[in-house]
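Reader: I am new to this one. Please take me through it in short questions and answers.

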Amino acid sequence: MNRQQLIDPIIRARKEATRPIFYVDGRGNPDHWGSCTLLNVRDRYFVITAAHVIDAWTDTKAYIPDDTGGFCEIAEVDRFTTPLPESGKREDDPIDVGYVEVDQNSLPAAVRVRFATLDDVLLHPHREEERWFALIGHPLTKTKAIHADQRVKVRMPFTLTSIQIWPPVQTRLGFPADSYAVQFHQGRVFTHEHVMMKAPRPKGISGGALWQLPAVGNKHIVDESEKLAGIIIEYRREEAC
């Protein structure tokens with residue numbers, strides 16, 4: 001089994017747990033602001049995303065697409081974002097992650113079943129091993145809201161299969177030891193057919209999911225399943241990661 005044969009069913013199974021977030025702009029229209037990853041922990045439902053996405057979620061309502069082409073309001077119960085650094089600027093925050101707990105009664109049953117669960121989360125990473133990851137997010141250029149009737153058109157999320165950058169590079173970039181950096185050169189992305197293309201601008205994928213892929217060796221899967229390893233928070237163009 002090659003890597004592409006492995007990743008295709010994973011993306012089909014996991015793409016619905018990552019959705020774009022829309023806020024309401026000054027004209028009352030939906031405005032795509034970022035991505036989020038849906039996580040169910042026992043009887044609690046969370047929208048996990050980058051802290052800078054939640055920071056913009058002030059004095060406005062937020063929505064995610066439902067499964068009918070409409071919107072589902074995120075009825076907030078509680079929220080958390082990582083504390084701002086001494087500079088007071090979120091761009092200086094190397095963690096930049098947060099969550100909003102959602103009232104489960106506000107979520108249609110068809111949406112609740114799309115949430116990832118605690119069983120899907122990678123709790124004990126093997127950081128000494130070279131691993132491949134799938135990044136799933138919704139770039140602004142690929143998600144359209146049709147304002148006239150408040151409908152949303154969501155294409156397949158952008159998916160990037162990439163390899164982990166080794167921890168010394170993460171340290172140099174200023175990221176904590178328990179974070180991941182993965183390679184992403186916007187101008188050197190290959191399709192399934194191994195044709196090089198330019199990827200969409202990554203703006204909008206903050207809050208998307210980072211899935212650790214099962215290891216493949218000698219035509220068999222070494223690990224049992226993919227695991228949710230983290231949340232996408234930042235693109236460093238100059239470092240191609």
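Reader: Which residues form one aromatic cluster with Tyr63?
Author: This is a predicted model, where local features need pLDDT of at least 70, side-chain atom pairs count only at pLDDT 80 or more, and totals for chains, interfaces and linings use all residues. Rings of Phe, Tyr and Trp (its six-membered ring) pair if their centres lie within 6.5 Å; planes under 30 degrees apart count as stacked, over 60 as edge-to-face and the rest as tilted. The cluster joins Tyr63 with Phe22 and Phe71.

Reader: How is the pair of Tyr63 and Phe71 classed?
Author: A pair of aromatic rings is described by the distance of the centres and the angle of the planes. For Tyr63 and Phe71 the centres are 6.1 Å apart and the planes make 65°. That pair is edge-to-face.

Reader: How many aromatic pairs does the structure hold, and what is the angle between the planes of Tyr23 and Trp57?
Author: The structure holds 8 aromatic pairs. Tyr23 and Trp57 form a tilted one, 5.9 Å centre to centre. Their planes are at 45°.

Reader: Where in the chain do Tyr23 and Trp57 sit, and are they buried or exposed?
Author: Residues are numbered from 1 along each chain as its sequence is written, and side-chain values use heavy atoms, with hydrogens and water left out. Tyr23 is in strand E1 and Trp57 in the loop between H2 and E4, 34 residues apart. Helices (H or I, at least four residues) and strands (E, at least two) are DSSP runs, numbered from the N terminus. By relative accessible area (buried under 20%, exposed over 50%, partly exposed in between; 1.4 Å probe, protein chains only), both Tyr23 and Trp57 are buried.

Reader: Which element gives the most to the largest nonpolar core?
Author: A nonpolar core is a set of buried Ala, Val, Leu, Ile, Met, Phe, Trp, Tyr and Cys residues joined through side-chain atoms within 4.5 Å. The largest has 23 residues, and Ile21, Val47, Trp57, Ile64, Ile74 and Leu107 touch the most other members. Elements giving two or more residues include strand E1 (18–24), strand E2 (30–41) and helix H2 (51–55). With 3 residues, the top giver is E3.

Reader: Which residues is Ile74 in contact with, beyond its neighbours within four places in sequence?
Author: Contact means heavy atoms within 4.5 Å. Ile74 reaches Val47, Trp57, Ala62, Tyr63, Ile64, Val100 and Val102.

Reader: How many residues are in the second core?
Author: This core is separate, and includes Ile10, Leu213, Leu228 and Ile231. Its count is 15 residues.

Reader: Why does Leu213 count as buried?
Author: Leu213 is found in the loop between E15 and strand E16 (216–217). Past its neighbours within four places in sequence, its contacts include Ile7, Trp132 and Phe133. Leu213 counts as buried because its relative accessible area is 1%.

Reader: Which residue in E18 is the bridge partner of Ala209?
Author: Two strands pair if DSSP finds at least two bridges between them. Strand E15 (residues 209–212) and E18 pair in the antiparallel sense over 4 bridges. In strand E18 (residues 227–231), 4 of the 5 residues are buried. The partner of Ala209 is Ile231.

Reader: How many disulfides does the structure hold?
Author: A disulfide is a pair of cysteine sulfur atoms within 2.5 Å. Cys36 is buried, at 0% relative accessible area, and Cys72 is buried at 3%. The number of disulfides is 0.
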